[in-house]
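User: Please take a close look at aromatic ring pairing in this model, and then describe the surrounding features and the sulfur links in one connected account. I would like each criterion stated where it is used.

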Amino acid sequence: AAGQTACNDCDAGKYSESAAASCITCAGGLYSHAGARNCTPCFAGTYSEVEAASCILCGVGTYTADLGAGSCTRCSAGYYQPKNGSTSCEPATNGTYASATGQASASTCPAGTYSGASATTSCSACPGGTWSAEGAKACQTCLGGTYSNAGSDQCYACNAGQYSSGGASSCVACGVGTFSRPGNSTCTPCS
């Protein structure tokens, strides 16, 4: 202003161009130190609100890919981010899933389910005649003489007097004049 005896520096979060009479507030995504002549954009992986003196790291489950972000973006379902200050999210790998947005980690598929693709939001139940352990990328086929229901974490032996071929969801009774022992894949004729 006219008649001033000294120049005043602008506070942090504001700036003044040379010979300006007042300070201007930095917008979101920008910051400044006290006495600054301009605002500086926040780096990718960080953000700031209006009138910021510094930028803040994006938290876990969030990211910013661009300079000058006014907020962080939550990771989409199927993706996660375990680190602060990230510029992208990681896809859930085979055998895992991320069901919600903004997750810091992926979850392991429970036994009896699988995930055969990356960036999935859920695991699929193994069909009858198959099984899986925790974290499976695919289901395993039950051997002859065993069976399983959908979503099983193991195969079960057929009872005596029954049999099954590989990949069965149930056992079949032996025909008249034949027999089987527990876990057999065929029936044997009586002699």
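Analyst: **Aromatic pair, strand residues and disulfides**

The structure contains 1 aromatic pair (rings of Phe, Tyr and Trp, the last by its six-membered ring, pair if their centres lie within 6.5 Å; planes under 30 degrees apart count as stacked, over 60 as edge-to-face and the rest as tilted). The partners are Tyr 147 and Tyr 156, whose ring centres are 5.9 Å apart and whose planes meet at 45°, so the pair is tilted. The model is a predicted one, in which local features need pLDDT of at least 70 and side-chain atom pairs count only at pLDDT 80 or more, whereas totals for chains, interfaces and linings use all residues. Residues are numbered from 1 along each chain as its sequence is written, and side-chain values use heavy atoms, with hydrogens and water left out.

Tyr 147 is partly exposed at a relative accessible area of 25% (buried means under 20%, exposed over 50%, partly exposed in between, with a 1.4 Å probe and protein chains only). Tyr 156 is also partly exposed, at 35%.

Ala 157 belongs to strand β18, residues 156–157 (strands, E, of at least two residues and helices, H or I, of at least four are DSSP runs numbered from the N terminus). With 47% relative accessibility, Ala 157 is partly exposed. Beyond its neighbours within four places in sequence, Ala 157 is in contact (heavy atoms within 4.5 Å) with Gly 145, Thr 146, Tyr 147 and Gly 183. For Gly 145, the C-alpha to C-alpha distance to Ala 157 is 5.9 Å, although 12 residues separate the two in sequence.

Two threonines come next. Thr 130 is part of strand β15, residues 130–131, and is buried at 11% relative accessibility. Its side chain reaches the backbone oxygen of Pro 127 at 2.6 Å (a polar contact is a pair of N or O atoms within 3.5 Å; within protein, one must be able to donate a hydrogen and the other to accept it, and residues adjacent in sequence count only if both atoms are side-chain atoms). Not counting residues up to four places away in sequence, Thr 130 touches Cys 139, Gln 140, Thr 141, Cys 142, Ser 148, Asn 149 and Ser 152.

Thr 113 sits in strand β13, residues 113–114, and counts as buried at 15% relative accessibility. The side chain of Thr 113 reaches the backbone oxygen of Pro 110 at 2.6 Å. With neighbours within four places in sequence set aside, the residues in contact with Thr 113 include Cys 123, Ser 124, Cys 126 and Ala 136.

Cys 126, a contact of Thr 113, and Cys 139, a contact of Thr 130, bring the account to the sulfur links. A search of the whole structure gives 10 disulfides (pairs of cysteine sulfur atoms within 2.5 Å). A disulfide is a covalent bond between the sulfur atoms of two cysteines.

Cys 126 and Cys 139 form one of them, with sulfur atoms 2.0 Å apart, and the angle of -90° about the S-S bond makes this link left-handed. Cys 126 is in the loop between β14 and β15 and Cys 139 in the loop between β15 and β16 (140–141), so the pair ties together parts 13 residues apart in sequence. Cys 126 is buried, at 0% relative accessibility.

Cys 58 and Cys 72 are likewise joined by a disulfide, S to S 2.0 Å, with a left-handed -85° about the S-S bond. This pair links distant parts of the chain, Cys 58 in the loop between β6 and β7 (62–63) and Cys 72 in the loop between β7 and β8 (73–74), 14 residues apart. Cys 58 is buried at 0%, whereas Cys 72 is partly exposed at 22%.

A disulfide also connects Cys 10 with Cys 23, the sulfur atoms being 2.0 Å apart; this link is left-handed, at -95° about the S-S bond. Cys 10 lies in the segment before β1 (14–15) and Cys 23 in the loop between β1 and β2 (24–25), 13 residues apart, and the pair links these distant parts of the chain. Cys 10 is buried at 3%, and Cys 23 is partly exposed at 36%.

For Cys 190, the closest cysteine sulfur is in Cys 174 at 8.9 Å, which is too far for a bond.

Backbone angles complete the account. Most residues other than glycine have a negative phi. Ala 119, in the loop between β13 and β14 (124–125), has a positive phi of about 60°. Glu 51, found in the loop between β5 (46–47) and β6 (56–57), has a positive phi near 60°. Ala 119 is partly exposed at 24%, and Glu 51 is partly exposed at 41%.
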